[in-house]
Amino acid sequence: MGVIVNKENQQNDELSRRISADLRARAIAEAEGGEDVDLVEDARYLKDLKKTSKFGWIWIVLIVLATLSVISIIFL
């Protein structure tokens, strides 16, 4: 049992070392480029989404009105 734990720790240490080296290399490459890139909007799950239009607040009003009407039906 101790050998397995020791072996896993060695593998985790090696993986951690490789990950930190990769992140360090990326940070150095980005620092040398001088350009701060934010790739949040380039994410795959945002590909087919649209931004909320200027009338998005109407949904909030409708939800509040629906909630108030349900509450008034229950208590009256």
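The accessible surface of the protein chain comes to about 7,800 Å² in this predicted model. Carbon and sulfur atoms account for 62% of that area. Burial is scarce: buried residues make up 1% of the 76 residues in the chain. The secondary structure consists of 2 helices and 0 strands. Helix 1 covers residues 2-33. Helix 2 covers residues 57-75.

A nonpolar patch lies on the surface. Its members are Phe-55, Trp-57, Ile-58, Trp-59, Ile-60, Val-61, Leu-62, Val-64, Leu-65 and Leu-68. Together these residues expose about 1,000 Å² of accessible area. Leu-62 serves as an example from the patch. This residue is placed in helix 2. Its relative accessibility is 46%, so Leu-62 counts as partly exposed. Patch membership requires over 30% relative accessible area, and the 46% of Leu-62 satisfies that cut-off.

Charged contacts were searched across the whole structure, and 2 salt bridges were found. One joins the side chains of Arg-17 and Glu-14, with an N to O distance of 2.7 Å. Both residues lie in helix 1. They are 3 residues apart, about one turn of the helix. Arg-17 has 48% relative accessibility and therefore counts as partly exposed. Glu-14 has a relative accessible area of 34%, so Glu-14 is also partly exposed.

The other salt bridge pairs Asp-22 with Arg-26. Here the closest N and O atoms are 3.6 Å apart. That distance falls within the 4 Å limit for a salt bridge, so the contact qualifies. Asp-22 and Arg-26 also belong to helix 1. Because they are 4 residues apart in that helix, about one helical turn separates them. Asp-22 counts as partly exposed because its relative accessibility is 38%. That value lies between the 20% bound for buried residues and the 50% bound for exposed ones.

Conventions
Residues are numbered from 1 along each chain as its sequence is written. This is a predicted model: local features need pLDDT of at least 70, side-chain atom pairs count only at pLDDT 80 or more; totals for chains, interfaces and linings use all residues. Side-chain values use heavy atoms; hydrogens and water are left out. Patches are made of residues with over 30% relative accessible area and no salt bridge: like charges are joined within 9 Å, nonpolar side chains (Val, Leu, Ile, Met, Phe, Trp, Tyr) within 5 Å. Accessible areas come from the Shrake-Rupley method with a 1.4 Å probe; for residues, only the protein chains shown count as cover. Buried means under 20% relative accessible area, exposed over 50%, partly exposed in between (1.4 Å probe, protein chains only).
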